[in-house]
Amino acid sequence: MSDRTKICRSIKEAKRVCWAQELIAKPSQGAAIEVSSRHKASSHFLRSGDFTTFADWRFVHKARLNGNTTWNESISQCHRCNAPLESTLHVLSLCKPNMGRRTARHNAIVERIHHAKRRDWQVYSKNQVLGNDRLRPDLVLTKGSQEALILDITVPYENRYQAFENARNEKSRKYAAIASLLAKDFKKVSVAAIIVGALGSWDPANDAVLRRFTNKRYVSKLRKLCVSDAINHFRPHESRLRERAAILANAAADEIPDFADDSPAN
């Protein structure tokens, strides 16, 4: 092995170690992976690419590794609401102008769950006010007069698995009053949450809930569809940022003086 080859390998190894240390040093490193690694459906597209575009693919891997610390490297503040930092968490869960997109993401998953129910379950209510507290669970499914299932879909950010557990507990607490109200008409009433992360992480606890009212053979496909829906609804944000960056770059290029003509001025 020549000295030149040894030097090149040493440089590559030093850069690899440096990049790895930078990645590990990020404050939220591993938060999303801790959640997405709990169920294989969270990364179902790795081999097959089912229900996933190339743009979705490029976005989700970078975001899960905390690569999108800011969505626009040249400008740190949010380009939609002027928040100080346009982080992945901010864009996916906090930015007010993105509320419509978050609602569309949520509703897409609700529709998946709704259409997956078996025929022996009926829709008692869908996003309708129930009780004196004027709460609106996403779905209330009933099975004759025997059982009622209060379902609510939530899409929290993957800030460790504790965030999913907190979201599930909050849904149980929130709809306890409605459960007590329905207990007058049904023998068994329960509250359940379907949780899909903002970066497409599937909560393993969802499976036990889905098997109660869906066809077991369809659960596998349903997981994949919900995961891809969660990813797809926010990927266009990045595409628009690229377009905006290109426009800014072109505008800056137009302002650069042309030094091709060095002839002295008369």
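Helices here are DSSP runs of at least four residues and strands are runs of at least two, numbered from the N terminus. With those labels, the model can be walked through element by element. It is a predicted model.

Start with the whole. The protein has 10 helices and four strands. From the N terminus on, the order is α-α-α-α-α-β-β-β-α-α-β-α-α-α. The protein counts 266 residues, and 40% of them are buried. Its accessible surface comes to about 15,400 Å². Carbon and sulfur atoms hold 52% of that surface. Contacts often reach along the chain: of those between residues at least 6 apart in sequence, 62% join residues at least 24 apart.

Now the sheet. Strands of a sheet pair through backbone hydrogen bonds, either parallel or antiparallel. In this protein, four strands form an open sheet. Their order is E1-E2-E3-E4, and the pairing is mixed. E1 and strand E4 (188-195) stand at the edges. Each has a single partner strand, so one side of each is left without a neighbour in the sheet. Neighbouring strands are turned by 25 degrees against each other on average, direction ignored.

Look at one pair inside the sheet. E2 and E3 run antiparallel and are joined over five bridges. Thr 142 faces Ala 148, which belongs to E3.

Helices lie against this sheet. H6 packs on the sheet and touches E3 and E4. Its direction makes about 150 degrees with that of E4. Helix H5, residues 99-115, lies across E1, E2, E3 and E4. H5 runs at about 150 degrees to E3.

Finally, turn to two loop residues. Most residues other than glycine have a negative phi. Which value does phi of Asn 127 take? It is near 55 degrees, a positive value in a residue other than glycine. Asn 127 sits in the loop between strand E1 (122-126) and strand E2 (139-143). Its relative accessible area is 39%, so Asn 127 is partly exposed; the range for that class runs between 20% and 50%.

Where is Arg 160 placed? Arg 160 lies in the loop between strand E3 (147-154) and helix H6 (161-174). Phi of Arg 160 is near 70 degrees, again a positive value in a residue other than glycine. Arg 160 has 31% relative accessibility and therefore counts as partly exposed.

Terms used:
Residues are numbered from 1 along each chain as its sequence is written. This is a predicted model: local features need pLDDT of at least 70, side-chain atom pairs count only at pLDDT 80 or more; totals for chains, interfaces and linings use all residues. Side-chain values use heavy atoms; hydrogens and water are left out. Buried means under 20% relative accessible area, exposed over 50%, partly exposed in between (1.4 Å probe, protein chains only). Contact means heavy atoms within 4.5 Å. Accessible areas come from the Shrake-Rupley method with a 1.4 Å probe; for residues, only the protein chains shown count as cover. Two strands pair if DSSP finds at least two bridges between them. Axes are lines fitted to C-alpha atoms, for helices over the stretch in contact, and angles run from 0 to 180 degrees between N-to-C directions.
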